[in-house]
Amino acid sequence: MTASHDHDPEHQDVPSDPALRVKALESLLVAKGIVDRTALDALVDVYENKVGPRNGARVVARAWVDPDYKKRLLESGTAAIGELGYSGNQGADIRVVENTPQVHNLIVCTLCSCYPWPVLGLPPVWYKSAPYRSRAVIDPRGVLREMGTELPADIELRVWDSTAEQRYLVLPERPAGTEQLDESALAALVTRDAMIGVKKVMPELKAGRR
Amino acid sequence: MNGIHDMGGMHGMGPIGYLETEPVFHEAWEGRIYSISYAVQSTVKLRLGLRPPIENIPAREYLRMSYFERWLTSIIERMVASDLVTRDEIETGRPATTSVNAPVALSPAAAVAAQFKIPATRRSVQVAARFESGQSVRARNINPVAHTRLPRYARGKSGTIERDHGVFVFLDTSAYSAGENPQHLYSVRFAARELWGDEAAPHDAVYLDLFEDYLEPA
């Protein structure tokens, strides 16, 4: 089991193992002809291998090196992201918000788990968790501090609570000292967390990047 | 509804539990239920949206369940509401002899292709916009027992229209197959101090995407 599964040992009425229930449901739906098992295999492969924060990192790096692309990206995120070949489910109308020396942006979905799927993949557990969802709007600076990001008092912090049809991606600031790096080297610096807005992009890749 | 899912601004939920890296799916069944949900809803139009059944989960259960357990609950409720499966079939795990109404399952190629299509909830119909950028508005004080995208923490609070996103399907009704009611969706900026009082940082703000029906002139 994982740290995210907050099972209450006092709880007496624990339903049967979800793994068994999902297996039974899958068998039922296959028997009824509603789903094709190989289609499920293909979908799992998409989520595990075809989409993820590397897509978003490519978008960010392109914006850093190409001012015209950056302009299009900030004006119409969905279309500019589509130029690099990324679109799809849970990505309807992606809006890109830019961090600057004066403004920092942070993304949350307090009601559920909205996330820009085509560019970041599926959200991590902490993003979907009650602690992050409840605190990101009322105590965003505390949340950032907990993530190791100290924000100066004079910076304007904008929290985007994506409740409906718009999905958000943060365009982080390009770190100083990266002038010599090409687009792919820049993309390697861009982390999932920086595109959610809980961290900044560091000039050097650290082990276990995300 | 004023359920536990509407948790923006609550205290007492514990530490964030941040992990620098984690697998896409922590256990294989999570990937299966996520894929089952998308395969089913790409195959047949369901009469109920993803979120209403999740929001109907009693608070105690909601907080106990992992994220994908809630998805399991949701897809079962949606399929039952759409007459795709019966509760008896779910319990026994076997198709009833009278089982009907099964659509043709999506092929692997079609299932994957559906993932890369942008779902169309934007509507091109002409609807007059009641508000414009820069205008002061107030989020209405509504407390519907059904699904809504207006979080409790913003109700009754004043903000400024930052942008008109255009016309979208109104999820409060479309999630129940009760009509699309297409209307303007606006980005509304709320000052952190308006939402949380004078303790909040003076320049900070929360932006919410709100349907026109949620707003009134301030």
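Colleague: In strand β1 of chain B (residues 136-139), which residues point to one face and are buried, and which point to the other?

Modeller: In a regular strand the side chains alternate between the two faces of the sheet. In this predicted model, B:Val137 and B:Ala139 share one face of β1(B) and are buried (20 or more other C-beta atoms within 10 Å of the residue's own, the C-beta atoms being placed from the backbone), whereas B:Ser136 and B:Arg138 point to the other face and are not buried. Strands here are DSSP runs of E with at least two residues, and helices are runs of H or I with at least four, numbered from the N terminus. Residues are numbered from 1 along each chain as its sequence is written, and local features need pLDDT of at least 70.

Colleague: Which strands pair with β1(B), and in what sense?

Modeller: Pairing requires at least two DSSP bridges between two strands; β1(B) pairs in the antiparallel sense with β2(B), residues 158-168, over three bridges, and also in the antiparallel sense with β5(B), residues 215-217, over three bridges. B:Val137 has B:Gly159 of β2(B) as its bridge partner, while B:Ala139 stands opposite B:Leu215 in β5(B).

Colleague: What span should helix α3 of chain A have?

Modeller: The expected span is 1.5 Å times one less than the number of residues, so the 13 residues of α3(A), 53-65, should span 18 Å, and the end C-alpha atoms, 19 Å apart, agree with this. Ten of the 13 residues are buried, among them A:Val59, A:Val60 and A:Trp64.

Colleague: How confident is the predictor?

Modeller: Chain B averages a pLDDT (per-residue confidence from 0 to 100) of 94, and the complex has an ipTM of 0.96 and a pTM of 0.93.

Notes: Chains are lettered from A and ligands numbered from 1 in the order in which they are written. This is a predicted model: local features need pLDDT of at least 70, side-chain atom pairs count only at pLDDT 80 or more; totals for chains, interfaces and linings use all residues. A residue is buried if 20 or more other C-beta atoms lie within 10 Å of its own, exposed if 12 or fewer, and partly exposed in between; C-beta atoms are placed from the backbone.
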